[in-house]
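Good morning. I will take a few minutes on one structure, so please have a look at it with me.

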Amino acid sequence: MSLTIEIDNGSGFCFGVTTAIQKAEEELAKGNTLYCLGDIVHNGMECDRLRQMGLITIDHDEMARLHNVKVLLRAHGEPPETYELAQRNNIEIIDATCPVVLQLQKKIKRQYETSPSPSPKVSIVIFGKKGHAEVLGLVGQTHGEAVVIESFDDVKRLDFSHDIYLYSQTTKSLDEFHRIIDYIQEHISPDAVFKSFDTICRSVANRMPNISQFASRHDLILFVCGRKSSNGKVLFNECLRINPNSHLIEGPEEIDAAWLQGVQTVGICGATSTPKWLMEQCAAKLTSIAT
């Protein structure tokens, strides 16, 4: 079987994830005990690799019971309560919050603090996934008062008599964000203020047109991604739209040899949480099947 395999150069860790992993590796290399609040990246195999190096993943309840230790905050960011807890328990924070997320947190906090108090006529709205770590950190800047909308359909439930300040989770779809802006502009009361802030990370948003072109070039697409990754779901759905012969896999063991029937070219791509080494392992598995 003659098979051409291409790994997408634009796929792989974004800057924020790369920095968080580097900080973890540097600390572990010193032989120090290091805890990480939540999975450092939404990729099980990369989490396993770092666990073998000594990284201990904890949740917020477990952090509340720790004292005098080091805890790494991943790229997604955390609400103010996490920093307050660390101070109370004498926990040293290694802050790997992505700079793009950090700027967004500051913008939302500043908007919340400058809004009239009490502010029943002001809605801070975040376009994002409810319960997602980044979104929890953003909502935390408003003491839980921000309204979260997950999709275009949710925008219809907003109170358009209120002033609306719209922000977005950094990894959401740019097209859907603009649809939401258009809808609010059409329905907002003439007596209310509407402002939108495009806070979508371009290193993620720009992957959409790139991955579309990549998916169109190949007979088969293998999208390598942890199933928890929000950004991965968006990018995989784009691959599927362009190329129906696309499969989402978490690792090489999920590759089905039957997928290669009648296939001459395979494209391997992934999310901002997909390590390059994992895509390379998938390419090696394909090569072994084809020979």
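I will go through a sheet, a helix that packs on it, and then the cysteines. Keep in mind that this is a predicted model.

Let us start with the sheet. In which order do its four strands lie? The order is β3-β2-β4-β5, the sheet is open, and the pairing is parallel. As a general point, the strands of a sheet pair through backbone hydrogen bonds, in either a parallel or an antiparallel way. At the edges here we have β3, residues 55-58, and β5, residues 92-95, each of which pairs on one side only. On average, and ignoring direction, neighbouring strands of this sheet are turned by 35 degrees against each other.

Look now at β4, residues 70-73. β4 pairs with β5 in the parallel sense, over four bridges. For L73, the bridge partner in β5 is D95.

Next, the helix. Helix α1 covers residues 15-29 and packs on the sheet, where it touches β2 (34-37), β3, β4 and β5. The direction of α1 makes about 165 degrees with that of β4.

Last, the cysteines. How many disulfides does a search of the whole structure find? The search finds zero. Take C239: its closest cysteine sulfur is that of C269, at 4.0 Å, and this is too far for a bond because a disulfide needs the two sulfur atoms within 2.5 Å. C282 is not in a disulfide either, and the nearest cysteine sulfur, again in C269, is 11 Å away.

Are these two cysteines buried or exposed? C239 has 0% relative accessibility, so it counts as buried. C282 is also at 0% and therefore counts as buried.

How values were computed:
Residues are numbered from 1 along each chain as its sequence is written. This is a predicted model: local features need pLDDT of at least 70, side-chain atom pairs count only at pLDDT 80 or more; totals for chains, interfaces and linings use all residues. Side-chain values use heavy atoms; hydrogens and water are left out. Buried means under 20% relative accessible area, exposed over 50%, partly exposed in between (1.4 Å probe, protein chains only). Two strands pair if DSSP finds at least two bridges between them. Helices (H or I, at least four residues) and strands (E, at least two) are DSSP runs, numbered from the N terminus. Axes are lines fitted to C-alpha atoms, for helices over the stretch in contact, and angles run from 0 to 180 degrees between N-to-C directions. Contact means heavy atoms within 4.5 Å.
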